[in-house]
Amino acid sequence: MVSLEAGMNEMEALMMTKVDVVRAEMVKAMKAGDKERKNALSMLLSALKNATIDKRSDLTEEEADVIVRKEIKQTQETLDTTPSDRTDIIEECRLRIAVSEEFVPKMMEADVLQAVIKETL
């Protein structure tokens with residue numbers, strides 16, 4: 001999960017939207033001089049902002065998660081169709097996927113899911 005900024009308490013962090021969190025991480029990447037991470041975060045932020053504009057109101061957490069998952073899926077499709085000799089594109093796609101995955105809830109493992117189902121039944 002994304003770490004808290006210095007001086008930011010937990011309540012402020014809970015009130016931040018996904019757009020705010022991505023923007024804060026992008027600023028941290030810029031300050032750290034991590035151009036590749038900053039570019040990946042910039043593309044993700046752009047997708048989130050475009051969805052906000054299309055909706056004409058702020059995104060809910062669930063809607064933001066859908067947008068991030070959509071970006072991951074599109075990047076994975078690009079990665080799958082990229083020729084193996086284009087290592088620059090492959091590395092960029094892998095980094096974008098890794099960065100984007102930081103902002104979606106983790107999916108439950110199959111064995112954990114089965115254990116929960118058995119326990120419930």
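In the predicted model, Thr 75 touches Cys 93, Arg 96 and Ile 97, residues up to four places away in sequence being left out of the count. Thr 75 is part of helix α4, which spans residues 61-81. With a relative accessibility of 3%, Thr 75 counts as buried, because the cut-off for this class is under 20% relative accessible area. A polar contact of 3.2 Å joins the side chain of Thr 75 to that of Arg 96.

The setting of this residue is a helical protein. Six helices and zero strands were assigned, and the order of elements from the N terminus on is α-α-α-α-α-α. The protein has 121 residues, of which 30% count as buried. Its accessible surface amounts to about 8700 Å², and carbon and sulfur atoms account for 56% of that area. When contacts between residues at least 6 apart in sequence are considered, 48% of them join residues at least 24 apart.

Charged side chains provide further links, and the count of salt bridges comes to 10. One of these pairs Asp 65 with Lys 18, with 2.7 Å between the closest N and O atoms. Asp 65 belongs to helix α4 and Lys 18 to helix α2 (residues 18-32), so this salt bridge ties together parts of the protein that are 47 residues apart in sequence. Both partners lie under the 20% cut-off for burial: Asp 65 has a relative accessibility of 8% and counts as buried, and Lys 18 is buried with a relative accessible area of 11%.

A second salt bridge involves Arg 37 and Glu 102, whose side chains meet at 2.9 Å, N to O. Arg 37 lies in helix α3, whereas Glu 102 lies in the loop between α5 (87-101) and α6; the pair therefore ties together parts that are 65 residues apart in sequence. Helix α3 itself covers residues 35-55. The two partners fall into separate classes of accessibility, Arg 37 being buried at 17% and Glu 102 partly exposed at 29%. The surroundings of Arg 37 include Glu 25, Ala 29, Leu 95, Val 99 and Glu 102, all of which Arg 37 touches when residues up to four places away in sequence are not counted. Arg 37 and Glu 102 also take part in a network of salt bridges that links them with Glu 25 and Lys 28.

A further salt bridge is found within a single helix. The side chains of Glu 91 and Arg 94 meet at 3.5 Å, N to O. Both residues lie in helix α5, three residues apart, or about one turn of the helix. Glu 91 is partly exposed, with a relative accessible area of 48%, and Arg 94 is likewise partly exposed, with a relative accessibility of 48%.

Nonpolar side chains also appear on the surface. A nonpolar patch is formed there by Met 108, Val 112, Leu 113, Val 116, Ile 117 and Leu 121, with about 590 Å² of accessible area together. Within this patch, Ile 117 is located in helix α6, which comprises residues 110-120. The relative accessible area of Ile 117 is 43%, and the residue is thus partly exposed. Membership of a patch requires over 30% relative accessible area, a condition that Ile 117 meets at 43%.

Note on methods: Residues are numbered from 1 along each chain as its sequence is written. This is a predicted model: local features need pLDDT of at least 70, side-chain atom pairs count only at pLDDT 80 or more; totals for chains, interfaces and linings use all residues. Side-chain values use heavy atoms; hydrogens and water are left out. Patches are made of residues with over 30% relative accessible area and no salt bridge: like charges are joined within 9 Å, nonpolar side chains (Val, Leu, Ile, Met, Phe, Trp, Tyr) within 5 Å. Accessible areas come from the Shrake-Rupley method with a 1.4 Å probe; for residues, only the protein chains shown count as cover. A salt bridge is a side-chain nitrogen of Lys or Arg within 4 Å of a carboxyl oxygen of Asp or Glu. Helices (H or I, at least four residues) and strands (E, at least two) are DSSP runs, numbered from the N terminus. Buried means under 20% relative accessible area, exposed over 50%, partly exposed in between (1.4 Å probe, protein chains only). Contact means heavy atoms within 4.5 Å. A polar contact is a pair of N or O atoms within 3.5 Å; within protein, one must be able to donate a hydrogen and the other to accept it, and residues adjacent in sequence count only if both atoms are side-chain atoms.
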